[in-house]
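The exercises below are meant to be worked through with the sequence and the model side by side. Each task is followed by a solution that goes step by step.

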Amino acid sequence: MPLDTAPAAPSPVARAMKDALFAAIIAVGVFGPLLAFKTTQDMQNRLIVEPRWDLLAVVVLLVWAGRFLLSLWRSRVQPETTAAIGSHLLWGLVPPTVRVVIRNGLPPAALVALFVYPMMILSLTGGSGALKWIDNFGIQILIYVMLAWGLNIVVGLAGLLDLGYVAFYAVGAYAYALIATKVIPATFPGLGVWAFWICLPIAGILAAFWGVLLGFPVLRLRGDYLAIVTLAFGEIIRLVLINWTAFSNGYEGISTIPRPSFFGIPFNASDSGFAARFGFEFSPVHRTIFLYYVIVCLALLTAWVSNRLRKLPVGRAWEALREDEIACRSLGINTVNTKLTAFAIGAMFGGFAGSFFAARQGFISPESFTFMESAVILAIVVLGGMGSLIGTAIAAVAMIGGTELLRELDWLKAIFGNDFDPAQYRMLIFGLAMVAIMVWKPRGFVSTRMPTAFLKSRRAVSSAHVKEGHG
Amino acid sequence: MSEAILSVEHLTMRFGGLIAVNDLSFEARRGEITAVIGPNGAGKTTVFNCITGFYKPSQGRITMRHADGRTHLLERLPDFRIAQVAKVARTFQNIRLFSGMTVLENLLVAQHNPLMSASGWSIGGILGLPSYGRAERQAIEKAAYWLDKCGLTDRADDPAGDLSYGPQRALEIARAMCTEPELLCLDEPAAGLNPRESLVLNDLLRFIRKEHGTSLLLIEHDMSVVMEISDHVVVLDYGIKISDGAPAAVREDPKVIAAYLGVDDSEVEKVEAEVGL
């Protein structure tokens, strides 16, 4: 206890009191101008100041009480214990044998859950509410999981900070939209039902091509400079899509994009449709479930390929590049090609995801490909722990699922009044959550690195040694 | 006397107005250990960076002759081709390991090029063709061989950043040897080693020369290492070669003594005239 070693120090209560008083003064300074004065219009349309001292008092009191309890708790608990609990959250309290079971059992269990999820939802909601849960939660989250896994190749493995990843998502989406609405009807209209399956690889190849195109000018750049140029690249693609109306129809976007078929069988109510062929009663949920399985397969393909590549020489070269580029060159590794393959393969998966996104929405416009999307995908990769597939997936579920969950909190209106919309607070909540996670786990949920080869035993490498890369 | 494996001719390297290396010519002979020594700032590392392609020399020619008679002009090759094609490997003064990768992985990265072609430029590797599996097992065997030679077998699965200084130096040499070089350039391999580790290093370098026929070129400050193992010493001062010959002869050379220990005030002008300043 700190008291035993420093007898002259004031009692913990007094210290906590002083600490809390400080926090309260700061709170008055911060919240005073924001909360205490509200300007409203009165009956004569004049602007009047309405003081809200009571609200300010409540907030300051809350800050004071919170800070008091926090510093009291800190002085009671050994600092080492707080650090240990903090760094492992609840994980540290789990006995080691159970940990091994969880660690080995989690991926297969998650995989099974992934495949039975739509069926489970269907049986739980009885069909009517299933659309929302499969589409908004299942498909939406999985798109981001796939995007994050794609970006993970560039940022997590090769250590190249890419702030413009959404550009490849856009390339994939527009590739599918334009080919399916313009090129295929004009050339081979008979292939219309196969449009998605034809365009998926084309979108991936085009996105990879743009990845290489971005890669060339930024080869010599590192760190902040690389980040700025990739950010600019993302914006260039978006601005071209907005302004080149003859090509992309500008802000209006592209609508009536053909929806994917069940390998040639369309999802409609006609006699040749999916429901009639397979003897179901027609329901729009069939297509949603099919889309769900398509994105599950695409995401798993991304995971499988990036896991495979990591164990191949090219993947090891990516990680070596992140660790030390000069040493790589001294060993005869062509760093130019290595960087370009990282950009191309990362972009390719972005392109696949983009073409799936266009097929799922049926409508795309440049609005969907703003910098915010790049930032969210990058945040998922960083939160998950750079380089870790499992961590990234958890982060995607937390971030995207969290956003969707906030939309479900309608009952809060009963407390805060009818114009309260919890979804508007999502960025605030994310900000807080990210700060908290970065304080507890500075290197993300999964911060250790698994070696790609071993002589006697495979042991995780602590994040203390692994570098983040410098672009 | 064997033929030259590396000839440096009229090498000059300017950085703006600073001439780091001035009209330097020397040869490293096949199967020998050649040491480049000199006081701090003499331009030793600059010479190394020119040889290994990290700097493009302002003037001069660097020729690498392979045992099979092929020659490469190193000043014309990009840095990674020098390791890949010209078979010149190097280590760094400030150790550059892949610290977040295990010791074994460090040695596998060094075998990138043969493994890359064995994996069919990743396509065969993704599909899991057996030829890549074989190549990878061979690569691990080769890595295990070098780990054994460096006494690092027990640490194979530890992160390279976890090793202490001496083993990190040894690992960097092992990593360079995994590229199967004909010429190995070592930038101060004994820096920071204790006397016992220094002796082990000497044995390792002798072993490399004897069993693998690799010629060595090393920069060194530690005179016990230089005098003990090198066959041929080149002395630089202010970017100029001031002496060249067998270790014993170089040690007696008054110019070398002057460069290292300084001279009386009365002799400064005479020595400077000799050195060409």
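**Exercise 1.** Which residues in H16(A) are buried?

*Solution.* Before starting, note that this is a predicted model, in which local features need pLDDT of at least 70, side-chain atom pairs count only at pLDDT 80 or more, and totals for chains, interfaces and linings use all residues. Residues are numbered from 1 along each chain as its sequence is written, while chains are lettered from A and ligands numbered from 1 in the order in which they are written.

Step 1: locate the helix, which covers residues 371-384 of chain A; helices (H or I, at least four residues) and strands (E, at least two) are DSSP runs, numbered from the N terminus.

Step 2: apply the burial rule, by which a residue is buried if 20 or more other C-beta atoms lie within 10 Å of its own, exposed if 12 or fewer, and partly exposed in between, with C-beta atoms placed from the backbone. In H16(A), the buried residues are A:Ser374, A:Ile377, A:Leu378, A:Ile380, A:Val381, A:Val382, A:Leu383 and A:Gly384.

Step 3: ask what covers them; the cover includes H6, helix H7 (166-187), helix H9 (223-243), helix H17 (389-407) and helix H19 (426-440) of chain A, where contact requires that the C-beta atoms of two residues, placed from the backbone, lie within 7 Å.

Step 4: check the helix length. The expected span is 1.5 Å times one less than the number of residues, so the 14 residues of H16(A) should span 20 Å, and the end C-alpha atoms are indeed 20 Å apart. Just after H16(A), A:Gly385 takes a positive phi of about 100°.

**Exercise 2.** Which residues touch the most other members of the largest nonpolar core?

*Solution.* Step 1: a nonpolar core is a set of buried Ala, Val, Leu, Ile, Met, Phe, Trp, Tyr and Cys residues joined through C-beta atoms within 7 Å. The largest such core has 185 residues, and A:Met146 and A:Ile295 touch the most other members. Its largest share, 17 residues, comes from helix H6 (residues 130-157) of chain A.

Step 2: leave aside the neighbours of A:Ile295 within four places in sequence; A:Ile295 is then in contact with A:Ile139, A:Leu142, A:Ile143, A:Met146 and A:Phe356.

Step 3: a second, separate core has five residues, among them A:Ala16, A:Ala20, A:Val59 and A:Val60.

**Exercise 3.** How many residues does the contact take from chain A and from chain B?

*Solution.* Step 1: the contact takes 35 residues from chain A and 33 residues from chain B.

Step 2: on the side of chain A that touches chain B, the elements giving two or more residues are helix H12 (285-310), helix H13 (313-323) and helix H14 (325-330), and the largest share, seven residues, comes from H13(A).

Step 3: sort that side by class, counting Ala, Val, Leu, Ile, Met, Phe, Trp, Tyr, Cys and Pro as nonpolar, Asp, Glu, Lys and Arg as charged, and the others, Gly among them, as polar. The result is 17 nonpolar, seven polar and 11 charged residues.

**Exercise 4.** Which domains does the assignment give for chain B, and how many residues does each bring to their contact?

*Solution.* Step 1: the bounds, which come from an automatic or database domain assignment, are 1-87 + 183-277 for domain 1 of chain B and 97-179 for domain 2 of chain B. Their C-alpha centres lie 28 Å apart.

Step 2: the contact takes 11 residues from domain 1 of chain B and 11 residues from domain 2 of chain B. On the domain 1 side, H2, strand E7 (183-187) and helix H8 (195-212) of chain B each give two or more residues, and H8(B) gives the largest share, four residues. That side divides into eight nonpolar, two polar and one charged.

**Exercise 5.** Is B:Leu18 buried or exposed?

*Solution.* Step 1: B:Leu18 is found in strand E2 (residues 18-29) of chain B.

Step 2: B:Leu18 has 8 C-beta neighbours inside 10 Å and therefore counts as exposed.

Step 3: for a second case, take B:Pro78, in the loop between strand E5 (71-73) and helix H2 (79-84) of chain B; with 14 other C-beta atoms within 10 Å, B:Pro78 is partly exposed.
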